[in-house]
Amino acid sequence: MRDTEFYEALLGLGEAWKVTKVELNPTAGRIDVWIEDRGGCKWKCPECHKEATVYDHSQERVWRHLDTCQFGTYIHCRLPRVKCSQHGVRQVLAPWAASGSRFTLLFENRVIDTLKECDITGTNHLTGTTWYEAWKIMDKAVDRGLSRKERRVPEYLGIDEKSFAKRHRYETVISDLSRGTVECVIEGRRQESLEAYFVQFSKEELKQVKAIAMDMWDPYIAASKLFVPDAEDKIVFDRFHVMEQVTEAVDKVRRQEHRELILMGDDRLKGTKHLWLMNQEKIPDWRKAEFDEIKSTELKTARAWAIKESLRRFWQYRYPKNAHKYFKRWYFWATHSRLKPVIKAAKTLKRHLANILTYFKHRITNAVAEGLNSKIQMIKQMACGFRNQQHYRKAILFHCGGLDLYARASKQP
Ligand SMILES: [Zn+2]
């Protein structure tokens, strides 16, 4: 087999193309392959797909292809231009590359696979691309994925905020809880941020939303109520965020009490922070005895902790009515605890109770979104190379969007 035939087979070019020359340059570590169209082929206008005759050939272009063994491989071709009666002179699209790309499809998809496994700098090392080239491939892959994505509103939405780089800069992450994918990432966590997502859908489409899990965050509540029909029955405050409110109150009580005790030379609470915050059954065996002892003391922290733990039972109810009854008893206890942070947290929950109780109807949480969050956290760590917030948003969609990212050939004769 001749080298040209060998590369024709390797590249799988089809009948319309032939390899005319292969050049190996061992010192430069590269192989150059020249491709030409075979004469006498029928071509189609890239716009209207009507058959058209070859008009001339454009200037030679070069595409980076997958390596052949250790050699970087480059494809050269002067693409034919056709004359369409409607669209005039147009260049035929190369079947081995996406329009406008300097890489072949196989190379681009290899870079996409590599980007899925490591950060951009790592991808640069493994594929011999520059930062900008790899970023461009990621950027285009996401755009391609979004354009291929079916337009629909997820039935179960998760809405979560995420901080970026410096504190006080936020992103709103909207996810599809059933699919476990990120739908959309929007700058900020204001009412308008979430509205920017909803506004693309009609009222009729938004009617299909069955429930929305979110934090007790007023701007998100307002945006949902404005756009989603019957949102008041559909908003479910995420139970983990609800528990977080009370857990934070326990921590505040502990910090304050610890300070007071230290002044009296009592350091019982030293090194106990995490014991009070974790669920009781998660406490490691070797600390159980110590914790059992300290939690049965008269400490304020122990009282706050007991109130927190008892709220965990609330979620086990099957019927909203019974859960509501339980909450009332819990609320009475919490608000009579004489522990300011606990009282404050209890009042926050009471204010939002209607949409905490919707949990017993829809049974959704942002746990999926939290899973995505840890993935996003990883992206953030990999993302010291992301030069701005927009890059970061694209990367989230690349890794978590569930998109069809791969480059494919455009239809050709
Ligand atoms: Zn045409």
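Q: In this predicted model, a residue counts as exposed when its relative accessible area is over 50%, as buried when it is under 20%, and as partly exposed in between; why, then, is D285 called exposed?
A: D285 has a relative accessible area of 64%, and because the cut-off for exposed is over 50%, D285 falls in the exposed class. Its partner K288, by contrast, has a value of 34%, which lies between the two limits, so K288 is partly exposed.

Q: What makes the pair D285 and K288 a salt bridge?
A: The N to O distance between their side chains is 3.0 Å, and since the limit for a Lys or Arg nitrogen and an Asp or Glu carboxyl oxygen is 4 Å, the pair qualifies as a salt bridge. Both residues belong to helix α11 (residues 285-295), where they are three residues apart, about one turn of the helix.

Q: How do you know that E8 and R38 form a salt bridge, and which parts of the chain does the pair link?
A: Their closest N and O atoms are 3.5 Å apart, which is within the 4 Å limit, so the pair counts as a salt bridge. The pair links distant parts of the chain, with E8 in helix α1 and R38 in the loop between β2 (30-37) and β3, 30 residues apart. E8, at 22% relative accessibility, and R38, at 33%, are each partly exposed, because both values lie between 20% and 50%.

Q: How many salt bridges does the model contain by this rule, and which residues are joined into one network?
A: The count comes to 33 salt bridges. Among them is the pair E309 and K308, whose side chains meet at 3.0 Å, N to O, and both of these residues are buried. Salt bridges that share partners join K136, D139, D143 and K394 into one network.

Q: Why is T123 called buried, and what does T123 touch?
A: The relative accessible area of T123 is 0%, and since buried means under 20%, T123 meets that condition. T123 is placed in helix α3 (residues 120-127), and, with residues up to four places away in sequence not counted, T123 touches V111, T114, L115, C118, G128, T129 and A134.

Q: Why is the phi of H49 singled out?
A: Most residues other than glycine have a negative phi. The phi of H49 is near 60°, a positive value in a residue other than glycine. H49 lies in the loop between β3 (43-44) and β4 (51-57), and because its relative accessible area of 46% is not over 50%, H49 is partly exposed. D230 likewise has a phi near 60°, and its place is in the loop between α7 (218-227) and α8 (231-234).

Q: What makes M1, F6 and L10 a nonpolar patch?
A: Patch members need over 30% relative accessible area, and F6, at 40%, passes that limit, so F6 can belong to a patch while being only partly exposed. M1, F6 and L10 together have about 360 Å² of accessible area, and F6 is found in helix α1 (residues 3-11).

Q: Which residues have the most contacts inside the largest nonpolar core?
A: They are F198, F314, W330, L349 and I356, in a core of 65 residues. Helix α9 (residues 239-263) supplies the largest share of this core, seven residues. A second, separate core of 28 residues includes A141, V142, V185 and I379.

Conventions:
Residues numbered from 1 in each chain as written. Predicted model: local features only at pLDDT ≥ 70, side-chain atom pairs only at ≥ 80, totals over all residues. Heavy atoms only, no water. Patch = residues over 30% accessible without salt bridge, like charges linked within 9 Å, V, L, I, M, F, W, Y side chains within 5 Å. Areas by Shrake-Rupley, 256 points an atom, 1.4 Å probe, with all protein chains shown as cover. Helix = DSSP H or I, 4+ residues; strand = E, 2+ residues; numbered from the N terminus. Buried < 20%, exposed > 50% of the residue type's maximum accessible area, 1.4 Å probe, protein only. Core = buried A, V, L, I, M, F, W, Y, C linked by side-chain atoms within 4.5 Å. Contact = heavy atoms within 4.5 Å.
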